[in-house]
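Please open the model in a viewer and keep the sequence panel visible beside it. The tour below proceeds by selection, beginning in a loop and moving outward to the surrounding elements.

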Amino acid sequence: MTLPFTATLSSQPGQTDDAPAWSAGLAELLASLHQRDGGDPAQAGRIRDWVRKLAAGLAQGHVCLVDEHAPWRNLSSPVLVDAARAADTVAPLVAEDERLYLYRHWQAETQLAQALSALDEAVGDAAPVAAHHLDGLNERQRQAVAMATQRRFSLITGGPGTGKTYTLVRILLALLEQNPTLHVALAAPTGKAAARMYEALSAALAKATGVTDAMRAALPTSASTLHRLLGIQYDRPAQYHAANPLPFDLVIVDEASMIDLRLASQLLAAIDPRRTRLILLGDANQLAAVEAGAVLEEMGRAPRLQAARVALNESQRFGADSGIGRLAAAICAGDSAAVLGFRRQGLDKVRFEDLPGAEALAEALFRGYAPYVDALRGGADTEAVLAAFGRFRVLCALREGTTGVAGLNERLTARLRAALGQEAGAALWFHGRPVMVMQNDYALNVFNGDIGVALRSAAGLEVFFPGRERGISVARLAHVETAFAMTVHKSQGSEFEEVAVVLPGADSQVVSRELLYTGVTRARVRVQVWAGERGLSVAVGRRTERRSGLGGKVIM
């Protein structure tokens, strides 16, 4: 009874307050169980305090509570077990050196570390890569190709434009040359990221030379979400796991920074180290997952996995003189002085603005959607309307408040309706409403993060999505939100010609260099940064660090 209850509480969506709502109930429950089952009543208060602190950390993405003094080390309690005995003796709390976990997180972290160790030990026996697969690659890209064709586990990181997809194509062609019947799966954490992964890979393959018809036939025709790949559904266990591993020779996962601890553990459990290679790709400088864990970063720091990691660092998109590239590099380095210098002196293709009032901000941001408004007014075809909307996006740090997603979407919606001559405050659905799907719907083939536009058609008001000829009736789309503005978190896996990154006027712990970097690098050409000097400096100086023990466990 205790473990399922604590597991449910610990899986509530991430929050930013110090003590999430469920923490008090969990703390009281475990303190009561401690006393009921024979624990020292004098220690109940300590357990209550630890659980509240642990819960607050989980809400901020930490996996465990860390205290260098390990005050729980010699405590005897029926609700606490030492990690050395946790595999055989189950309790709600697990103590491991200076770290204290809820059992489910300790179990997921431990199983992930063991799976990584086993996969890293199983080095492939492939032949050396043919020289023509390395032509035109820089040194690190060559290292990545050699590594991925020789090892069962590979971690390839790099920022936008560093050639992750280009390198992946070379890896695929080299492996297909060695094994023409290679069975490959492509996946990403979200439907949007999976779609972009497949589009980018298809475009790169179309330009590649030496791709035979047999190779093309062996490649997958789509990419899926990790949940779909693993057969994870809300009401049943994963279809694929250690006892029923994935039936692929190669699994490639993009946007790995978005993978949380539990999902990573489930993925690695479903990889058979005797058969399957796993390649993870991502940008280690981006935001970590919404839920607990920073798996990509922890893997990248694990001493045991250094031979399995290559960091690509030569950007073809943002050259040495690129304004966006220089800004992104300074943010990553935590160089607030350089960023503020750019703000004062100016930077090519980067526009810095102070935060005005709510209405003035919305008015300024709405100008970014001028091509979209023109397309709607001019009766442009669906493809042109979608392309116009896809050029620009407002990215917010927060959901609420003057600078948050909800308020900006409301004010931007009012401006669009006025521009189109529509009645203010009318029905939620209207011609021109841009929406984002918030929940996967496999029946409709729409996924969390997909963005479309509601347009009038012969069938009525329908939402049209890029790459699809037919629209979907608005009556069938239950889980959507207006999408003029979106959180930086939701923008991961997307790119736009221009973005406007909006930071809050007051400080928030959510705002960090990872968030700012992620927002800025969603832009291909131009970026606006709406923040005062102090807010910008605080963001660049605040590095997100999530407490975990994964890196040190991958040693066996």
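Begin by selecting Gly-161, which is partly exposed at a relative accessible area of 22%; here buried means under 20% relative accessible area, exposed over 50%, and partly exposed in between, with a 1.4 Å probe and protein chains only. The model is a predicted one, in which local features need pLDDT of at least 70 and side-chain atom pairs count only at pLDDT 80 or more, while totals for chains, interfaces and linings use all residues. Residues are numbered from 1 along each chain as its sequence is written, and side-chain values use heavy atoms, with hydrogens and water left out.

**The loop between S5 and H7**

Gly-161 lies in the loop between S5 and H7. Helices (H or I, at least four residues) and strands (E, at least two) are DSSP runs, numbered from the N terminus. Which residues does Gly-161 touch, not counting residues up to four places away in sequence? Display Glu-314, Ser-315, Gln-316 and Arg-317 to see them; contact means heavy atoms within 4.5 Å.

Move next to Thr-162, placed in the loop between S5 and H7. Is Thr-162 buried or exposed? Its relative accessibility is 4%, so Thr-162 counts as buried. Leaving aside neighbours within four places in sequence, Thr-162 is in contact with Gln-141, Leu-312, Asn-313, Glu-314 and Ser-315.

Now colour Gly-158, Gly-159, Pro-160, Gly-161, Thr-162, Gly-163, Lys-164 and Thr-165, to which an unreviewed UniProt entry assigns the feature "binding site". UniProt positions are given in the numbering used here, feature names are shortened, and annotations may be inferred rather than shown by experiment.

**The parallel sheet and its helices**

Show the strands in the order S7-S6-S8-S9-S5-S10: these six form an open sheet with parallel pairing. Two strands pair if DSSP finds at least two bridges between them. At the edges stand S7 (224-225) and S10 (309-312), each with a single partner strand, so one side of each has no neighbour in the sheet.

Select residues 153-158 for S5, which pairs with S10 in the parallel sense over four bridges. Gly-158 stands opposite Leu-312 in S10.

Two helices can then be added to the view. Helix H6 (residues 139-150) lies across S5, S9 (277-282) and S10, and runs at about 155° to S10. Helix H7 (residues 164-178) lies across S5, S6 (184-188), S8 (250-253), S9 and S10, at about 165° to S9. For these angles, axes are lines fitted to C-alpha atoms, for helices over the stretch in contact, and angles run from 0 to 180 degrees between N-to-C directions.

Select Ala-131 in the loop between helix H5 (103-121) and H6. This residue counts as exposed, at 57% relative accessibility. A distance label from Ala-131 to Ala-174 should read 9.9 Å, C-alpha to C-alpha, for two residues 43 apart in sequence.

**The mixed sheet**

Turn to the four strands S1-S4-S3-S2, which in that order form an open sheet with mixed pairing. Its edges are S1 (65-66) and S2 (80-82); each has a single partner strand, so one side of each is left without a neighbour in the sheet. S1 pairs with S4 (residues 99-102) in the antiparallel sense over two bridges, and Val-66 has Arg-99 as its bridge partner in S4. Helix H5 lies across S3 (93-96) and S4, running at about 105° to S4.

**Strand S14 and its partners**

Select residues 451-457, strand S14: five of its seven residues are buried, so S14 is largely enclosed by the rest of the structure. S13 (residues 434-437) pairs with S14 in the antiparallel sense over three bridges, with Gly-452 in S14 as the bridge partner of Val-435. S14 also pairs with S15 (residues 460-464), in the antiparallel sense over five bridges; one bridge joins Val-453 to Phe-464 in S15. S14 and S15 form a hairpin with two residues between them.

**The whole chain**

Finally, colour by domain: domain 1 (21-103), domain 2 (128-317) and domain 3 (323-420 + 428-541), with bounds that come from an automatic or database domain assignment. The centres of domain 2 and domain 3, taken over C-alpha atoms, are 28 Å apart. Their contact takes 19 residues from domain 2 and 21 residues from domain 3.
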